[in-house]
Amino acid sequence: MTEGTTSAAAEGADTLTRLEQEGEIAADYLEGLLDIADLDGDIDMDVEADRAAVSIISDAGSRDLQKLVGRDGEVLEALQELTRLAVHRETGDRSRLMLDIGGYRAKKRAELSELGAKAAAEVRSTGEPVKMKPMTPFERKVVHDAVKAAGLRSESEGEEPQRFVVVLPA
């Protein structure tokens, strides 16, 4: 092993430890929130794509958890920001943690990936850019990834909350 390889491995281990710590802090915060709201749910923690990922799942009807998702995921977005703030308060570092509740984001990710692939196919067949509807940062990221996977490029335009993705010809 070279010195560079050793330090890269140590840096990767440090990052993983930091992200696991973020997940634990977030899980504690969310467990407290579930207790206050008198909602049942299990917390699942993982590290995905250099981010802590925390999910609240429930065996009992996910109707209770649906309250924490809200219309179009608005409550979920707010809870994610509050959870990131709780992590920031404990660690002093900005968190990029992703929160999912009742599989909402996973389902949304699949739908958006399909939407991005369809937009890429349309651009490929017409040769014209396609402007999509305004999206949240999470939604835009998923679409950008899908377009990139399809071999095209995309960019975001506009100002929040009306920021949108434009899929461009190759």
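## Exercises on strands, a helix and salt bridges

In the hairpin formed by β1 and β2, two residues lie between the strands, and alanine 49 has a positive phi near 50 degrees. The model is a predicted one, so please read the exercises below with that in mind.

**Exercise 1.** Work out how β2 pairs with β1 and with β3, and find which residues stand opposite each other.

*Solution.* Start with β1 (residues 42-48): its pairing with β2 is antiparallel and runs over seven bridges. Here aspartate 42 faces isoleucine 57 of β2. Now turn to β3, which pairs with β2 in the parallel sense over four bridges. On this side, isoleucine 56 stands opposite isoleucine 101 in β3. Finally, consider burial: five of the seven residues of β2 (residues 51-57) are buried, so the strand is largely enclosed by the rest of the structure.

**Exercise 2.** Describe helix α4: its span, its buried residues, what they pack against and what follows the helix.

*Solution.* First, the span. Helix α4 covers residues 104-126, 23 in number, and extends 33 Å from first to last C-alpha, close to the 33 Å expected at 1.5 Å a residue. Next, list the buried positions: Arg105, Lys108, Leu112, Gly116, Ala119, Ala120 and Val123. Then look at their surroundings, where the buried residues of α4 pack against α3 (74-91), β3 (98-101), β4 (130-134), α5 (137-149) and β6 (164-168). Last, step past the end of α4 to glycine 127, which has a positive phi near 75 degrees.

**Exercise 3.** Three salt bridges involve arginine 18, glutamate 139 and lysine 118; for each, find the partner and place the pair in the structure.

*Solution.* The whole structure holds 10 salt bridges. Begin with arginine 18, whose partner is glutamate 22, with the closest N and O atoms 3.2 Å apart. These two are four residues apart in helix α1 (residues 3-37), which means a separation of about one helical turn. Arginine 18 is partly exposed at 35% relative accessible area, whereas glutamate 22, at 3%, is buried.

Glutamate 139 meets lysine 108 in a salt bridge at 3.6 Å, N to O. Because glutamate 139 lies in helix α5 and lysine 108 in helix α4, the pair ties together parts 31 residues apart in sequence. Glutamate 139 has 10% relative accessibility and counts as buried.

Lysine 118 pairs with glutamate 114, the closest N and O atoms being 3.3 Å apart. Both sit in helix α4, four residues apart, about one helical turn. Lysine 118 is exposed at 53%, while glutamate 114 is partly exposed at 47%.

How values were computed
Residues are numbered from 1 along each chain as its sequence is written. This is a predicted model: local features need pLDDT of at least 70, side-chain atom pairs count only at pLDDT 80 or more; totals for chains, interfaces and linings use all residues. Side-chain values use heavy atoms; hydrogens and water are left out. The expected span of a helix is 1.5 Å times one less than its number of residues. Buried means under 20% relative accessible area, exposed over 50%, partly exposed in between (1.4 Å probe, protein chains only). Contact means heavy atoms within 4.5 Å. Two strands pair if DSSP finds at least two bridges between them. A salt bridge is a side-chain nitrogen of Lys or Arg within 4 Å of a carboxyl oxygen of Asp or Glu.
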